[in-house]
Amino acid sequence: MNTGLHTPVCDLLGCEFPIVLAGMGGPARSELVAAVTKAGGFGFLGMVRESPELIRAEVEKVRAATDRDFGVNLIPAATKPDLLEAEIAAVLAARVPVVCLFWDLSAELVKRLRGEGVLVACQVGSAREAEDAQAAGAQIVIAQGVEAGGHVRGTVPRREIVRAVVKSAHVPVLAAGGMSGGRDLVEMLELGAQGIVLGTALLATKESFAHDYHKQRIVAARPGDTVHTLDFHVNWPRGAYVRVLQNSVTRREHGDPFDGHREAIGKEGERTIWLFSTDSPLKDMTGDFEKMALYAGEGAGAIENIPSAADRIAAIMAEAEALQPKETAAAATSEEKLSSPVCYANEASDQYAGYATREELIAFCNELLEAERAGARITARSSTEAKDSATRDLLRDIQKDEARWCAMLLKWIAHLDGTPSPKVGAFYEKCLAFTDLKERIAFINRGQGWVVKKLREMLPKVRDDRMHADFKAMLESHEENIRRAS
Ligand SMILES: Cc1cc2nc3c(=O)[nH]c(=O)nc-3n(C[C@H](O)[C@H](O)[C@H](O)COP(=O)(O)O)c2cc1C
């Protein structure tokens, strides 16, 4: 894995790659969330205006498919207060770890969710809104550019809003709007975002709940085929722009969308789908799909197939890895250094001399890898909870170090022909149980002390000089971080 593509927000969310499935109301159901999550990304169930029963059922389905974390997306401004309350109760009862909110900021809701231990992400359309969201307690902000599909809060191009939000943000920033490939990911990381949020590109996958008609229209779209319009407005707050593929509605073939006339164009179970409504074609709908809101971002023109979500994510990651010049250069240097066979003890005489065997080294690296992963994740999460900048900086520095050591351990496991453990150490859950940040940091320090002890014990048994140097550097960095934290 190219370690430059594993950013701190990955540890905060518990995913491998900085690719997030947008909480698309309708298309982002359990099958897609599970597929994205299993493929190493992070997924939000799009649950806007859905019943608490559906939320519970969808959460259970994702959990049955994967034990990795995922989130739920809600839109308070587009949901009647009593339904919103029921949705929130369902999310909290199901102990959903991450919630993404969109449209008008509800500072009260952000605070409430935070108070319940939920990690809160807010999608915003301006730097000002990003500041307000952070002031309310948002731990991740998603900067949405005007290229985005679906409802569009952003008014300026993605590059512009990402630059502006990154400049003032003190929490991780994700970029959203009009992206489809690894090039977009690399570019956004270069601008300081920690990852990307994809809607359209993951809607056009096998597992999404969008109707095939919608997926095929995205594949058929050419660059420039989307429009930014107010035409699909029924059941949303007035004046909310959407980006859709041009169709008979946007060409005004059905008259003025605001003249008040109502026409049924489809059904979802007993529910009627109205002309000019914000509903997009879903698998369980029937009707005249051409007249519905065919949401799509500006990246639709670059989408040419309907693969599995895992294949889409793998293709994006492969392109990003190939394009990341600095990282690849750094990786190449370390590969070069390791191009000679790894010198590990696998002979009886070496064992007799007290050197660790290959199996022992792989087990050792995996044990530390799980611990460092837990450490990276807990420090990433805790840094967003720190009230003062000194604690925040300390936790972020430790987090960066832990992520660096994860990469180092992965490198050695690969060179020893071992299989890296996918697990996150139990330390993470134990640490989370400390709600007081001071107590948690003390516990983190104990964990670091454990790593130091392990490394001290192993170092005399490491025969390979390069591995020895890496372990020694890891030991010293842990000792330094323990000193700083105490
Ligand atoms: C079909 C569709 C439905 C969407 N529904 C939601 C939603 O319910 N909640 C939300 O926060 N964003 C929603 N969005 C917007 C996404 O969060 C995101 O900003 C957008 O998909 C990014 O642009 P892209 O589609 O070009 O990747 C939706 C987008 C699409 C395409």
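The exercises below, each with a worked solution, concern a predicted model.

**Exercise 1. Overall dimensions**

Determine how the radius of gyration of the chain compares with the globule rule, and state the secondary structure content.

Solution. Start with the elements: the chain holds 18 helices and 14 strands. Next, take the radius of gyration, which is 24 Å; the globule rule gives 23 Å for 486 residues, so the chain is as compact as a globular protein of that length. Along the principal axes, the C-alpha atoms fill a box of roughly 85 × 45 × 40 Å. Burial follows: 49% of the 486 residues count as buried. Finally, consider the contacts with a separation of 6 or more: residues 24 or more positions apart account for 65% of them.

**Exercise 2. Strand E5 and its partners**

Find out how many residues of strand E5 are buried, and which strands pair with E5.

Solution. Strand E5 covers residues 119-124. Six of its six residues are buried, so E5 is largely enclosed by the rest of the structure. Now sort the side chains by direction. In a regular strand the side chains alternate between the two faces of the sheet. In E5, Leu-119, Ala-121 and Gln-123 point one way, while Val-120, Cys-122 and Val-124 point the other way.

Then take the partners in turn. Strand E4 (residues 98-101) pairs with E5 in the parallel sense, over four bridges. Within this pairing, Ala-121 of E5 has Cys-100 opposite. The connection from E4 to E5 runs through helix H5 (residues 107-115), and this β-α-β crossover is right-handed.

Strand E6 (residues 140-144) also pairs with E5, in the parallel sense and over four bridges. Here the bridge partner of Ala-121 is Ile-140 in E6. Helix H6 (residues 127-136) joins E5 and E6 in a right-handed β-α-β unit.

**Exercise 3. The nonpolar core**

Identify the residues with the most contacts inside the largest nonpolar core, and the helix that gives the most to this core.

Solution. The largest nonpolar core has 144 residues. Val-99, Val-141, Ala-143 and Leu-174 have the most contacts inside it. Helix H14 (residues 358-383) gives the most to this core, with 11 residues. As a worked case, list the neighbours of Ala-143, leaving out residues up to four places away in sequence: Val-124, Ala-130, Ile-161, Val-162, Val-165, Val-173, Ala-175 and Ala-176.

**Exercise 4. An antiparallel sheet**

Give the strand order of the open sheet that contains E7, E10 and E11, and explain why one side of each edge strand lacks a neighbour.

Solution. The order is E7-E11-E10, with antiparallel pairing. The edges are strand E7 (150-151) and strand E10 (226-229); each has a single partner strand, so one side of each is left without a neighbour in the sheet. Between E10 and strand E11 (residues 242-245) there are four bridges, in the antiparallel sense. Val-227 has Val-244 of E11 opposite.

**Exercise 5. Domains 1 and 2**

State how the chain is divided into domains, and describe the contact between domain 1 and domain 2.

Solution. First the bounds: domain 1 is 3-210 + 307-320, domain 2 is 213-301 and domain 3 is 338-485. The C-alpha centres of domain 1 and domain 2 lie 22 Å apart. For the contact itself, 21 residues of domain 1 meet 21 residues of domain 2. On the domain 1 side, the elements that give two or more residues are E7 and helix H9 (200-203). H9 gives the most to that side, with three residues.

Terms used. Residues numbered from 1 in each chain as written. Predicted model: local features only at pLDDT ≥ 70, side-chain atom pairs only at ≥ 80, totals over all residues. Core = buried A, V, L, I, M, F, W, Y, C linked by C-beta atoms within 7 Å. Buried ≥ 20, exposed ≤ 12 C-beta atoms within 10 Å, placed from the backbone. Contact = placed C-beta atoms within 7 Å. Rg over C-alpha atoms; globule rule 2.2 N^0.38 Å. Pairing = 2+ DSSP bridges. Right-handed = clockwise from strand over helix to strand, strands pointing away. Domains from an automatic or database assignment.
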